[in-house]
Amino acid sequence: MTEQLTTGTASQPETDEPKAPEPKAPEAQAPEAQAPEAQAPATEAPETAAAAVSAAPRRSRRVLWAVARWTAAVVVCGGVGAGTAAGITALDRNDVPGLATESDGRWDYPELRLPALPADRPRPFTEGNDGEIHHADLRELLLPAPVGATPDPKLNGGFVSTDAYLALYGKESRGELKRHLADSTLRHVAARGWTTPDGTRTSIHLLRFSSVAYAGAFKDEALEADGIYGPKALPDGVAGAVLESFADDVSVPDTSLYAYHEKKPYGPEQTRWAYVQAGDTLALITQTRRGEALVVPFQQTVTLQNQLLG
């Protein structure tokens, strides 16, 4: 402004006319005194802007550090969670605390397969086998022992004598049953037995007759009723029987099932037994256990043997 005031009054050409008195120029000190005040905002604004700029990066850095820390925490937690989940899914359910499922009492049997047949021989209950004959080796139709069981050396899956079979019954029944077997056309008897770790003793005997009629006749003799006390021919040591029912969804077509358990009161152990007639073959399955013969493994064993025959 000072420069403009000094140069803005250019000299005019001289004339004869009297000169008008020149106006007094404003004092230059007023603007000079005001200059610092007018320029003060200009000098303060850059400092404020600089402070704001320097504060912004500090805040940004703090925010970034916080985000980084939370991100790292999330990644670590996610990794731990994923590792834990992978570890749990790799375990058996029974190995995971809180997720273990208590066994329902079933035994662990090997995978079952039907035995091979001689050439051009049909299976029972199929077209072309009206006599319902089992052409497979009778020993191969025996249910194998479950995992962990101790085999019975006397009932090792081979053939046994008629007397060995009759020893399953009380002495009062053996004579009459033996006469019926002699009058029938019994071909042979195969047997297998074992004892599980809980003390349950199991025996399975398969009797093959020459026809369905003979198998059915001996089954009727063994199951002949003795008044209200069930069949007359009871397992050795059993005084009375109670009929036992199986669920409908475990029934096997074309076979007949008759199951019993020892009625109370009984001695230090209880017996369960079942007959299965499948065509020309009759099976007798027994289980005896100290205290009580358990329902689940008994019905499981009977059902699997029934399926092999059916």
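In this predicted model, a network of salt bridges links E244, R272 and E292. Side chains of opposite charge can pair when their charged atoms come close. The protein chain offers several further examples of such pairing, with the count of salt bridges coming to 12.

Before turning to those pairs, it helps to look at the overall fold. The protein chain contains six helices and seven strands. Read from the N terminus, these elements follow the order α-α-β-α-α-β-β-α-β-β-β-β-α. Of the 310 residues in the protein chain, 32% are buried. The accessible surface amounts to about 19600 Å², and carbon and sulfur atoms supply 56% of that area. Contacts tell a story about sequence distance too: among those in the protein chain with a separation of 6 or more, 60% are between residues 24 or more positions apart.

Helix α4 gives a good view of how one element fits among others. This helix spans residues 171-183, and its buried residues are S173, L177 and L181. An α-helix has 3.6 residues a turn, so residues three or four places apart point the same way. The pattern of burial in α4 can be read with that rule in mind, as the buried positions are S173, L177 and L181. What do the buried residues of α4 pack against? Their partners are two helices, α3 (162-166) and α5 (212-222), together with two strands, β2 (186-195) and β3 (201-209).

Helix α4 also takes part in a salt bridge, this time through R174, which pairs with D236 at a closest N to O distance of 4.0 Å. Because D236 lies in the loop between α5 and β4 (241-244) while R174 belongs to helix α4, the pair ties together parts that are 62 residues apart in sequence. Both partners are partly exposed: D236 has a relative accessibility of 47%, and R174 has one of 24%.

Two other salt bridges join residues with nearby numbers. In one of them, D104 pairs with R106, and the closest N and O atoms are 2.9 Å apart. Here D104 is partly exposed, with 42% relative accessible area, whereas R106 is exposed at 54%. In the other, D137 forms a salt bridge with R139, again with 2.9 Å between the closest N and O atoms. D137 is partly exposed at 27% relative accessible area, and R139 is partly exposed as well, at 35%.

The backbone holds some details worth a closer look. Most residues other than glycine have a negative phi, and most peptide bonds are trans. Where does the chain show a cis peptide bond? One joins K264 and P265, with omega at about -5 degrees. P265 sits in the loop between β5 (256-262) and β6 (269-278).

Positive phi values also appear. F125, a residue other than glycine, has a phi near 65 degrees. This residue is found in the loop between α2 (29-90) and β1 (150-160). E132 is not a glycine either, yet its phi is positive, at about 55 degrees. The loop between α2 and β1 is also the place of E132, and this residue is partly exposed, with 26% relative accessibility.

Conventions
Residues are numbered from 1 along each chain as its sequence is written. This is a predicted model: local features need pLDDT of at least 70, side-chain atom pairs count only at pLDDT 80 or more; totals for chains, interfaces and linings use all residues. Side-chain values use heavy atoms; hydrogens and water are left out. Helices (H or I, at least four residues) and strands (E, at least two) are DSSP runs, numbered from the N terminus. Buried means under 20% relative accessible area, exposed over 50%, partly exposed in between (1.4 Å probe, protein chains only). Contact means heavy atoms within 4.5 Å. Accessible areas come from the Shrake-Rupley method with a 1.4 Å probe; for residues, only the protein chains shown count as cover. A salt bridge is a side-chain nitrogen of Lys or Arg within 4 Å of a carboxyl oxygen of Asp or Glu.
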